[in-house]
Amino acid sequence: MKHYLKKLEDTIHQQWQQKALCDYEGDAFTYADLATEIELFRIFLANAAIGKRNKIAICAANCARWAVTFWNVNVNECVAVPLLADFHPSSIATFTHHSDSVLLFTDQQLWSKLNPSQMPALRAAINVKDYTLLWHRDEQVAQAWQNRQRDFDRLHPNGLSPADVTFPADNADKLAIINYTSGTTGNPKGVMLTYGAISDTDEFSNTHFPNEPGETIVSMLPMAHMYGLAIEFIHPNVDGVTVYFLGKTPSPTLLLKAMQQVRPYMVVTVPLVMEKVYASSIKPALEKMHWLLAVPYARKAIYKMVRKKVLAAFGGRVRCFIMGGAALKPEVEECFQAMHLPFTVGYGMTEACPLLGWEWWTDFVPGSCGKPVHELRIDSKDPRTIAGEIQARGANITIGYYKNPEANASAFTDDGWFRTGDLGLMDADGNIFIRGRIKTMILNSSGQNIYPEEVEAVLLGIPSVVETIVVDRKGKLVALVYPEIPEDADDTTRAAIPETIRAAANKSLPAYSRLSKVELVDTPFEKTPKMSIKRYLYK
C-alpha cells in the first residue's frame, strides 16, 4: 500500500503547473503553489517552536485555503483537528481546548464569537481566508508567522522546484487527525485516525472508484466531516484531480451551474440532495408522461431520456453518484434503479475513516449499503435473518477517542472488533442491510424488537411525507412527520393529513410496529453534517 503523502509528492512532481485546489469562481492554487505553501508552513513551525504531533484546529467553511491549511498541517506531521463551522461557539472553544490545539485557523466572524481564555493552550488564531493574524498569545509564534515569507526567500532565493519536494511516509501508526463528530444520539467525541488509516481509505478508493490526473470534482460536503475530507478531497487531490469548493451550501441553481462548468468525474453527496433532484426535476417529468410509462418499450425509452438529462445536468462526465450518511427513500431508489442511474449508497462512519460498506453501482443491491470494505461481522446467532450489532476491524479503523477512556473502554470487543452501534444483517453474498441503531431500537411490551428506521422507510414511501422519525411514548409508537402540504389545501384536508398518513403506513406494517399516532412538525428536523436527523433532540 502506497502512502497517500507519497502519492501527493509524485503528483506535485508530475503536475507542477496544474490546478490543485480552487474556489468556484474564486482563488486557485496549482500544485506548485501547494508545495510552496507547505514549505512556508514548515519554516513557520520550526521558527515558532511548534513541533510534530502538536494539534492544530481548522474551523471555517469549505474553501481552497481550508484545504491548503489541512495539507500544511498534515504533511508537516502536526495533528489536524477539523471542526465544523456550524458548531456552536461554545463547542468550538471546548473542542479546541480539549484537543490541546496550539493554533486555530478560522475566520473573522467565528473568531469574534470566541473567548481565548477558554482555550488556554492556544498560542495564536489565524484567518483561514487570507492568512492574516487574528490574535496571538505567544510573540514568538506571531513573529514566525509574519516573517515566514522572508525566511522562505532566504532558504529558497530562486523559489521552490519539484526536486525540492519530499514528504514523509514512515508515520503510518502516527496520529494524523482528531475529528469531533456530531452524532445523532449524544455528545461529540474526538475520533483519532492515523496516517495509515487515511492511506488505507485512499488505497481502497483507488481500487474501487479510480480517477485520473486532470479530472475534476466539486466539493459540497463539510471537510470537517470525514466523508467530505477523505472521499471528496484527499483521495482525488493526491491523484491529481482538481478540487473545486463551493463554500456554503449552494442554491440548486448555483450547484447545477457549477456542475456543468466543472464537469466532475464523480459526485459525492448525501441522499437528501439527490432526493431533492428527484422531487424537483425527475418526478415532475415522469408524471407528465405517466400514461406512456405503462407501455414497456416507451417506458424504457423515457427512463433512458431522463437519465441522459440528469447526467447532462451534472456535467456529462459523472461515472458514479456516491451517497452515504443515510438511507435513500425507497421511491427514489426504485426510480434511480429503473433509470439505470449510476448511483450507489455506501455505509460508513468517522471511526472507519469513513468507509465500512461499498459496492460499484452495477452490482449494488437495492436496499443495501454495499459489501464490507474490510472485515465486518454481525454479532448475531443468524446474521442473515436476526439483526445484530455490526462490528468491524481493519487498517482504517480508529485507534480510539482522544482523552476519553470511558468511550475507549466500550468501543471495542474483547477480541479487538470495533463496535459500530449499528444493527444490521448480511446476506449470503455479503451485502449489508442496516436495520437501525442499538440506542434507537424499541422493545415493545411483548418483547418484540422494533427498529424505528424500518417504520420510517415505510413512512417515507408515502408521497406527503418529506422527513420523519419514529419515537416511543409510553409504549406507543408515534411518528413525527414533516409533511408536504399542497398550498391550496383547505383546513379540513390539512386536519386529516396525520390520520391519512398513519392509516397508509399501518397497512404496510406488521401489527407489533403499527403507529398509534402521527404528529406533524412545522419545520425540517435538525441534522448532523451528513444530514442524519439528530434523534436525541426529539422524544
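**Figure 1. A cluster of aromatic rings in the predicted model.** In this predicted model, ring pairs join Tyr4, Trp66, Phe70, Trp71, Tyr195, Phe233 and Phe245 into a cluster. Across the structure, the count of aromatic pairs comes to 25. Several members of the cluster return in later views: Phe70, Trp71 and Phe233 are among the residues with the most contacts inside the largest nonpolar core, while phenylalanine 245 is the bridge partner, in strand S11, of aspartate 23.

**Figure 2. An open sheet of four strands and the helix that packs on it.** The 4 strands of this open sheet follow the order S2-S1-S11-S10, and their pairing is mixed. Strand S2 (28-30) and strand S10 (216-219) each have a single partner strand and stand at the edges, so one side of each is left without a neighbour in the sheet. On average, and with direction ignored, neighbouring strands of the sheet are turned by 15° against each other. Strand S1 (residues 19-23) pairs with strand S11 (residues 242-245) in the parallel sense, over 3 bridges, and aspartate 23 has phenylalanine 245 as its bridge partner in S11. Helix H2 (residues 31-47) packs on the sheet, where it touches S1 and S2, and the direction of H2 makes about 85° with that of S2.

**Figure 3. The largest nonpolar core and a second core apart from it.** The largest nonpolar core has 97 residues, and those with the most contacts inside it are Leu8, Leu21, Phe44, Phe70, Trp71, Phe105 and Phe233. Helix H2 gives the most to this core, with 10 residues. If residues up to four places away in sequence are not counted, phenylalanine 44 touches Ile50, Leu103, Val141, Ala144, Trp145 and Arg148. Another core lies apart from the largest one; it has 37 residues, among them Ala258, Met274, Met323 and Met339.

**Figure 4. Two edge-to-face ring pairs.** Phenylalanine 105 and tryptophan 145 form an edge-to-face aromatic pair, with 5.9 Å from centre to centre and 70° between the planes. Because phenylalanine 105 belongs to strand S5 (residues 101-106) and tryptophan 145 to helix H6 (residues 139-146), the pair ties together parts that are 40 residues apart in sequence. Both phenylalanine 105 and tryptophan 145 are buried. In the other pair, the ring centres of phenylalanine 343 and phenylalanine 364 are 5.7 Å apart and the planes stand at 65°, so this pair is edge-to-face, a term for planes over 60 degrees apart. Phenylalanine 343 lies in strand S14 (residues 343-345), and phenylalanine 364 in the loop between strand S16 (355-358) and strand S17 (371-372), so the pair ties together parts that are 21 residues apart in sequence. Phenylalanine 343 and phenylalanine 364 are both buried.

**Figure 5. Arginine charges over aromatic rings.** The charged end of arginine 148 sits over the ring of tryptophan 145, at 3.8 Å from the ring centre. Arginine 148 is also one of the residues that phenylalanine 44 touches. Elsewhere, the charged end of arginine 65 sits over the ring of tyrosine 131, at 4.6 Å from its centre.

**Figure 6. Strand S21 and its partner strands.** Of the 9 residues of strand S21 (residues 418-426), 8 are buried, so the strand is largely enclosed by the rest of the structure. Strand S19 (residues 388-393) pairs with S21 in the antiparallel sense over 4 bridges, and glycine 388 stands opposite glycine 424 of S21. Strand S22 (residues 432-437) also runs antiparallel to S21, and 5 bridges join these two strands; here glycine 424 stands opposite isoleucine 434. S21 and S22 form a hairpin with 5 residues between them, and glycine 430 in the turn has a positive phi of about 90°.

**Figure 7. Less common backbone geometry in three loops.** Most residues other than glycine have a negative phi, and most peptide bonds are trans. A cis peptide bond, with omega about -20°, joins cysteine 353 and proline 354, and proline 354 is found in the loop between strand S15 (347-348) and S16. Histidine 340 has a positive phi, near 60°, and its place is in the loop between helix H13 (330-339) and S14. With 54% relative accessibility, histidine 340 counts as exposed. Lysine 474, which is not a glycine either, has a positive phi of about 55° and lies in the loop between strand S25 (465-473) and strand S26 (476-483). Lysine 474 also counts as exposed, at 88% relative accessibility.

Methods
Residues are numbered from 1 along each chain as its sequence is written. This is a predicted model: local features need pLDDT of at least 70, side-chain atom pairs count only at pLDDT 80 or more; totals for chains, interfaces and linings use all residues. Side-chain values use heavy atoms; hydrogens and water are left out. Two strands pair if DSSP finds at least two bridges between them. Axes are lines fitted to C-alpha atoms, for helices over the stretch in contact, and angles run from 0 to 180 degrees between N-to-C directions. Contact means heavy atoms within 4.5 Å. Rings of Phe, Tyr and Trp (its six-membered ring) pair if their centres lie within 6.5 Å; planes under 30 degrees apart count as stacked, over 60 as edge-to-face and the rest as tilted. Buried means under 20% relative accessible area, exposed over 50%, partly exposed in between (1.4 Å probe, protein chains only). A charge sits over a ring if NZ of Lys or CZ of Arg is within 6 Å of the ring centre and within 35 degrees of the ring normal. A nonpolar core is a set of buried Ala, Val, Leu, Ile, Met, Phe, Trp, Tyr and Cys residues joined through side-chain atoms within 4.5 Å.
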